[in-house]
Amino acid sequence: MDELQSRKEAALQAVAAADNIDAVESLRVEALGKQGWVSQLLKTLGQMSPEERQEQAPVIQAARTEIADAIAGRKEALESAVLEAQLVSDTLDLTLPAPEAPQGTVHPVSQVMDELAEIFADMGFAVATGPEVEDDWHNFTALNMPESHPARAMHDTFYFPDADDEGRRMLLRTHTSPVQIRSMMGQGAPIRIIAPGRVYRSDSDATHTPMFHQIEGLVIDRDIHLGHLKWTLETFLKAFFEREDIVLRLRPSYFPFTEPSVEVDVGFAIEKGRRVLGGDGDAPGHAWMELLGSGVVNRRVIESAGLDPDEWQGFAFGVGVDRLAMLKYAMDDLRAFFDGDVRWLRHYGFSPFDQPTLSAGVGARA
Ligand code: PHE
């Protein structure tokens with residue numbers, strides 16, 4: 001029996017020390033295989049007297065179980081170590097290397113719209129929006145352009161082939177002015193809003209694209225006159241171009257929805273082949289550039305929108321956002337705005353962290 005104990009201890013030690021599955025397997029064969037020493041011992045039970053057998057059998061069986069458990073435990077440990085090692089060496093790296101610097105930029109049109117919102121917010125204007133798929137009434141009729149009005153022909157309108165469910169003729173809005181109507185009808189007076197957004201006209205060359213951006217301004221209040229319009233535009237343009245020497249010239253013009261209507265020109269000089277805004281357009285080396293359309297809101301428009309024109313007056317203006325961006329950031333081909341060329345965007349785009357603020361300069365470049 002002492003011999004059994006010491007062989008068992010030796011076997012258990014050998015199992016514990018085995019460092020691979022094959023070694024454990026040969027230890028198993030050596031002890032528990034058909035010819036193994038434990039199996040041989042079990043066979044000797046048959047020749048024993050019943051008393052002896054009763055005493056020996058449990059001892060041998062216990063040794064067998066102990067060795068078998070140790071072998072199974074060791075096998076499992078070695079197998080999971082193998083799996084563990086495999087998991088470590090077999091890794092598949094699904095991550096991409098981090099880019100060296102942020103790649104995206106804010107488009108100049110978005111940047112300019114943010115700048116305008118910031119400037120006008122400071123003057124108490126809220127931002128309003130309207131649909132790009134507009135109906136004929138909001139885009140034209142309510143703006144004092146009835147069906148037969150010749151000004152309609154000047155807008156190169158994209159019409160939809162079918163009327164909507166209520167029989168309205170639908171189109172892509174040709175200007176942001178329908179937001180004037182929607183604001184007056186939606187919120188009543190007084191009003192102080194800007195409405196930036198996309199507009200569409202069937203026109204395409206270096207300075208015209210079928211889709212472009214406008215920003216509409218509308219103020220409705222009591223006793224509003226042209227002086228308010230002029231001050232507002234001057235204040236806005238000085239803040240936008242970040243120059244105090246912006247000079248405006250108001251020229252009589254015509255829009256069906258404003259009366260009187262004024263075209264606003266801005267003085268500029270040519271420096272190194274580029275137009276640089278600033279200065280009196282009549283001064284030597286200077287000229288005037290047409291910048292935007294505006295005027296006192298026609299009382300027929302105020303009436304169409306359901307307000308009393310004897311109580312409420314206002315002014316409105318509409319300006320091309322793309323054009324403002326081109327002037328401020330010295331870009332000369334409008335079509336490049338909508339090509340989506342990343343090289344152009346990297347060059348002319350803005351850092352998303354460069355939020356326009358009045359204190360830091362609305363056009364600060366990172
Ligand atoms: N809607 C006009 C245009 O697109 C611009 C404008 C707006 C003129 C508001 C006067 C008042 O040409």
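This report walks through a predicted model, starting at the ligand and moving outward to strand 2, helix 7, some backbone features and helix 4.

## Around the ligand

Let's begin with the ligand, which has 14 residues around it. His175, Ser177, Arg201, Gln214 and Gly318 are the ones that come nearest. Sorted by class, the shell is made up of 8 polar, 4 nonpolar and 2 charged residues. Three strands each supply at least two residues of this shell: strand 5 (211-221), strand 9 (286-297) and strand 10 (313-320). Strand 10 gives the largest share, with 3 residues.

Several polar side chains are worth displaying here. A nitrogen atom of the ligand lies 2.9 Å from a polar side-chain atom of histidine 175. Serine 177 also has a side-chain N or O atom 2.9 Å from a nitrogen atom of the ligand. For arginine 201, the partner is an oxygen atom of the ligand, 3.0 Å from an N or O atom of the side chain. The protein buries 91% of the 330 Å² that the ligand exposes when taken alone. The space that the ligand takes is the largest pocket.

## Strand 2 and its side-chain contacts

Next, have a look at strand 2, which spans residues 133-135. Two acidic residues can be followed here. Glutamate 134 is found in this strand, and it counts as buried because its relative accessible area is 1%, under the 20% cut-off. Its side chain is joined to the side chain of arginine 182 by a polar contact of 2.7 Å.

Aspartate 135 belongs to strand 2 as well. With a relative accessibility of 3%, aspartate 135 is also buried. The side chain of aspartate 135 has a polar contact of 2.9 Å with the side chain of histidine 138.

## Helix 7 and what comes after

Helix 7 runs over residues 178-187. Which of its residues are buried? They include Pro178, Val179, Gln180 and Ile181, along with Ser183 and Met184.

Just after this helix, glycine 188 takes a positive phi of about 70°. A little further on, the peptide bond from alanine 189 to proline 190 is cis, with an omega near -5°. Proline 190 itself sits in the loop between helix 7 and strand 4, the latter covering 191-200.

## More backbone features to check

Most peptide bonds are trans, and most residues other than glycine have a negative phi. That makes a few further places in this model good stops on the tour. The peptide bond from glutamate 259 to proline 260 is cis, with omega near 0°. Proline 260 is part of strand 7, which covers residues 258-271.

Two residues other than glycine have a positive phi: asparagine 144, with a value near 65°, and lysine 272, with a value near 50°. Asparagine 144 lies in the loop between helix 6 (136-139) and strand 3 (170-172), while lysine 272 has its place in the loop between strand 7 and strand 8 (274-277). Are these two residues buried or exposed? Asparagine 144 is buried, with a relative accessible area of 15%, whereas lysine 272 is exposed, at 89% relative accessibility. Asparagine 144 falls in the buried class because 15% is under the 20% cut-off, and lysine 272 falls in the exposed class because 89% is over the 50% cut-off.

## Helix 4 and distances across the model

The last stop is helix 4, made up of residues 50-89. Proline 58 is found in this helix. At 47% relative accessibility, proline 58 counts as partly exposed, because that value lies between the 20% and 50% cut-offs. How far apart in space are proline 58 and valine 297? Their C-alpha atoms are 110 Å apart, with the two positions 239 residues apart in sequence numbering.

Glutamate 76 is found in helix 4 too. Its relative accessibility of 57% puts glutamate 76 in the exposed class. Glutamate 76 and isoleucine 21 are 55 residues apart in sequence, and their C-alpha atoms are 9.1 Å apart in space.

Technical notes. Residues numbered from 1 in each chain as written. Predicted model: local features only at pLDDT ≥ 70, side-chain atom pairs only at ≥ 80, totals over all residues. Heavy atoms only, no water. Near = heavy atom within 4 Å. Polar contact = N/O pair within 3.5 Å; in protein donor to acceptor, adjacent residues only side chain to side chain. Areas by Shrake-Rupley, 256 points an atom, 1.4 Å probe, with all protein chains shown as cover. 1 Å grid on protein atoms, 1.4 Å probe; cavity = no way out; pocket = protein on both sides within 12 Å on 5 of 7 lines; lining within 4 Å. Sits in = over half its atoms within 2 Å of the grid points. Helix = DSSP H or I, 4+ residues; strand = E, 2+ residues; numbered from the N terminus. Nonpolar A, V, L, I, M, F, W, Y, C, P; charged D, E, K, R; others polar. Buried < 20%, exposed > 50% of the residue type's maximum accessible area, 1.4 Å probe, protein only.
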